[in-house]
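Good morning, everyone. Please have the sequence and the structure open in front of you, and I will go through a few parts of the fold with you.

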Amino acid sequence: MKILLVYPKMPSTFWTFDHAVELAGKQACYPPLGLLTVAAMLPKAWDKRLIDLNVGDVLTEESLEWADFVFLGAMNVQVRSAREVVAQCNRAGVKVVAGGPLFTHEYDTFPTVDHFVLNEAEITLPLFLADLEAGAPKPLYSTPDFANVHETPIPLWELADLDKYVFAIVQYSRGCPYMCDFCDVTALFGRKPRIKTPEQMLAELEALGDLGRFDMVLFADDNLIGNKAHLKKELLPALIDWRMRAPFRVNFGTQVTVNLVDDEVLTRMMLEAGFGSIFCGLESPDEETLKATNKRQNTKRDLLGNVQKLHELGFTISAGFIVGFDTDTPESFQRMIDFIQESGIVIATVNLLKAPPGTELHARIKREGRLIEPFNFDENESNIVPVMDPRTLHEGFDHVLSHVYRPSLVYDRARAFLKPYQTTPPQIRKPGRKGSLFPKRRDWESLGRLVLAIGIGGNARWEFWKFVLWTLFNRPTKVRMALMLATMAYQLEKMYDRYDAAAEARKMEVALVEMPVAVPEIALQKVQAG
């Protein structure tokens, strides 16, 4: 059997870091973890090839002619590319087997896919393979159960050219204990985090080969600290010991909730284990909005102080924010800008609220008659008819982006971040091998691309050089960190340029669409009730 695994093109978004990736001399952020894990579950005797449309691979007629089946995995944001891949396979007469979050929630919108293997592949893929061997594969395989991740195999990394990616990627846990109404994680993976063993994780890291070729290893967990007890007792001690013995001191990044700050032992162990880069979904500085969306882990706390404390400890926080909640007012936009600037969060992404299928929010918005369908999950669009006037919302969104992504203000946040930031917190300094003290050739090459793109050819080149000189005079030991932040400032600038280029067309759409349906009285009453 010959299997062609296809990973659709990701649209240009915050998460693709496409401009930063280009400066690094790579082609994509990270390899397709889910698809390569599925590849490892297929019979060893089968021939397998990977086409990742994000690294310059092309889905050709020859490759489709070679394949008996195309296995397609995708997330919601990849829907446009996924439809193109399905259409191309249909024209070539190649059967498609599809899975992943996109198809798990929206399989009924893909009528020409031959077989859906939904939910977690550890459960549903063996059922499909058994029926395929018997000559009677069904069109749909799904399950309400959750997989035992102790049985999850190491991804088949050898199918990918890992040198094309900036980051490596692994996964320790699935599921999250929280119930944010706009998030589909609990619908997909449940509220009880299921975790792999430390032995599994170390084996996955070792299987990646030379980790020195990656800027970082990402733990693709929706909330790494969802099971704090096991994290502190098992994984973190194992990683700390492994890093001390490794020839190269690997750095990790992951996603956590901001209540990490409440646990001093956990913060210390995470830093010691190498988790200096963390993403937090902060969403909004407004307490009432956080309560209304069930983001209760962010309530009853000093969010701004928590962020600043984590920075002081040595974490680099990236954060997500959302506008368009029912509780938002015209004043919410400036409050968000002020919060982001004061926090020193350099890498901040701001999106319009969306209601992903499978979420509590999607069900409520559909029930209230406010759901816009179909929808392609564009970063700067929404599938929700807002309570706020659409023009006010889009103007407010533009106001936030034009400030938060403006290079001068990004560099202001970078300076605010670097002032108290500790590159290596003194309480966790320990001896150990860190690799070469001298930059590698690829570091010099990346620096050259950065200087050419930002320092010479960039529109914000004077802001860049002012920041570099400030760092040299005020924080000379943090130049490497400063250059990383400058790269992200460039990424944010380019993201706003792309958004701004489409602004006129978007304004026309808002003017034409107005309110697709009237906002139900029940929704207005809910907002007024607080």
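At what angle do helix H9 and helix H10 pack, and how far apart are their axes? Before I answer, please keep in mind that what we are looking at is a predicted model. Helix H9, which covers residues 228–245, packs against helix H10, residues 264–273, at an angle of about 30°, and their axes are 8 Å apart. Since angles under 35 degrees count as roughly parallel, H9 is therefore roughly parallel to H10. The crossing in which H9 passes H10 is left-handed. If you look at the residues that meet there, you will find Leu231, Leu236 and Ile240 among those from H9, and Val265, Leu266 and Met269 among those from H10.

Let us now turn to the sheet. It is an open sheet of six strands with parallel pairing, and the order is E2-E1-E3-E4-E5-E6. Strand E2 (47–52) and strand E6 (140–141) stand at the edges, and because each has a single partner strand, one side of each is left without a neighbour in the sheet. As for E2, six bridges join it to strand E1, residues 2–7, and these two strands run parallel; within this pair, Lys2 stands opposite Asp47 in E2.

Finally, is Ser343, in helix H13 (residues 332–343), buried or exposed? Ser343 counts as buried, because its relative accessibility is 3%, and the cut-off for buried is under 20%. Its side chain reaches the backbone nitrogen of Ile345 at 3.1 Å, and, leaving aside neighbours within four places in sequence, Ser343 is in contact with Leu304, Val307, Gln308 and His311.

Key
Residues are numbered from 1 along each chain as its sequence is written. This is a predicted model: local features need pLDDT of at least 70, side-chain atom pairs count only at pLDDT 80 or more; totals for chains, interfaces and linings use all residues. Side-chain values use heavy atoms; hydrogens and water are left out. Two strands pair if DSSP finds at least two bridges between them. Helices (H or I, at least four residues) and strands (E, at least two) are DSSP runs, numbered from the N terminus. Buried means under 20% relative accessible area, exposed over 50%, partly exposed in between (1.4 Å probe, protein chains only). A polar contact is a pair of N or O atoms within 3.5 Å; within protein, one must be able to donate a hydrogen and the other to accept it, and residues adjacent in sequence count only if both atoms are side-chain atoms. Contact means heavy atoms within 4.5 Å. Axes are lines fitted to C-alpha atoms, for helices over the stretch in contact, and angles run from 0 to 180 degrees between N-to-C directions. Angles under 35 degrees count as roughly parallel, over 145 as roughly antiparallel, 65 to 115 as roughly perpendicular and the rest as oblique. A crossing is left-handed if the near helix is turned anticlockwise from the far one by less than a right angle, and right-handed if clockwise.
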